[in-house]
Amino acid sequence: MLRLGWFSSGRGPGSRNLLRTVMDRKSKGIIDVNIEFVFCNWDNNEEPNARKEQREQFFDMVKGYNIPLVTLSWRSFRPEFCKDDEEERRNEYGKKMRELLSGYRFDIGVLAGYMLWVDDETCETYDLINLHPALPAGPKGTWQEVIWQLIRDDEREHGVMIHLCTKEWDRGSALTYCGFPIRGDGYDGLWDGMYEKLKTRSLEQIMTEEGENEPLFAKIRKDGAERELPLIVSTIKQFADGNLKMKDQKAYHKDKVLDGPFDLSADVDDSIDGE
């Protein structure tokens, strides 16, 4: 059985859906896993807290599954560091987090909507995996930055990947990915509309004036976002089935160091089609 550590900020429905999906697959015998704990960087006593109700629902779900919940408030932690030394604060936070988790044993840590940059020593201590909303050779940055870069570069394909967490954020080795075309049916008309706009406005103006509501941007985001959860679940299954293994910050396939990420596009597309 694959033992997972689960790291989440519990911000909203996405966090709950991911946990629910993994636990549902477990109950049906589809993936042989056990979530040893859920760690959250909020304790939900912070004020102000715009997501208090959402996080309370997440905590209730964790407890309902009888999963140990471990919390450590980032907002309340060592406030004397807040202005003077953010890196030192992060390092001390990571040290305290590892102390709280020292009684748990897990094979892989999954950053499942965890919105805090993990400190270097924690990345080196645990095998942590995270989702990045781009192909392995695609743009870095937030999902918004990635999509605007795709449009700027006139790209033809987009995707999502799972990568190993390292000290270089979003630059750890890609483990799995899925891709999809952003040309053809449903897209060509949106690209034509973008090209027309670019005759009279710069992309920066379009970004400012339309933002995430711009039709091409919105379509790319929708098609990418719906693949995120299936890719995470499919990746966990690869580890649970023994197709992938982690050891000393390296991924292995059949006892050989993985020489490139697994393409799980077919699995992800099947999952979407079956919904």
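In this predicted model, the lining of the largest pocket breaks down into 15 nonpolar, 10 polar and 5 charged residues. That pocket holds about 1000 Å³ of space. Its lining comprises 30 residues, and Gly113, Met115, Leu131, Trp143 and Glu228 sit closest to the centre. As for where the lining comes from, helix 1 (13–27), strand 5 (128–132), helix 5 (143–152) and helix 8 (215–240) each chip in two or more residues.

Next comes the second largest pocket, with a volume of about 280 Å³. Here 16 residues make up the lining, and those nearest the centre are Arg25, Pro230, Val233, Ser234 and Ser271. By class, the split is 6 nonpolar, 4 polar and 6 charged. Helix 1, helix 8 and helix 9 (265–273) each provide at least two lining residues, with helix 8 giving the most, at 7 residues.

Turning to Asn41, this residue falls in the loop between strand 2 (33–40) and helix 2 (52–64). Asn41 has a relative accessible area of 5%, so it counts as buried, the cut-off being under 20%. Its side chain makes a polar contact with the side chain of Ser9 at 2.7 Å. Leaving aside residues up to four places away in sequence, Asn41 also touches several others, among them Glu46, Leu72, Trp74, Tyr93 and Tyr114.

Finally, there is an open sheet of 3 strands, ordered 8-9-10 with antiparallel pairing. Strand 8 (245–247) and strand 10 (256–257) are the edge strands, each with a single partner, so one side of each has no neighbour in the sheet. Strand 9 (residues 250–253) is joined to strand 10 by 2 bridges, and Tyr252 has Val257 of strand 10 as its bridge partner.

Key. Residues are numbered from 1 along each chain as its sequence is written. This is a predicted model: local features need pLDDT of at least 70, side-chain atom pairs count only at pLDDT 80 or more; totals for chains, interfaces and linings use all residues. Side-chain values use heavy atoms; hydrogens and water are left out. Helices (H or I, at least four residues) and strands (E, at least two) are DSSP runs, numbered from the N terminus. Buried means under 20% relative accessible area, exposed over 50%, partly exposed in between (1.4 Å probe, protein chains only). A polar contact is a pair of N or O atoms within 3.5 Å; within protein, one must be able to donate a hydrogen and the other to accept it, and residues adjacent in sequence count only if both atoms are side-chain atoms. Contact means heavy atoms within 4.5 Å. Two strands pair if DSSP finds at least two bridges between them. On a 1 Å grid over the protein atoms alone, a cavity is a set of points where a 1.4 Å probe fits but cannot get out, and a pocket is an open set with protein on both sides within 12 Å along at least five of seven lines; lining residues have an atom within 4 Å of a point. Grid points are joined across faces, edges and corners, and a volume is the space filled by probe spheres set on the points. Ala, Val, Leu, Ile, Met, Phe, Trp, Tyr, Cys and Pro count as nonpolar, Asp, Glu, Lys and Arg as charged, and the others, Gly among them, as polar.
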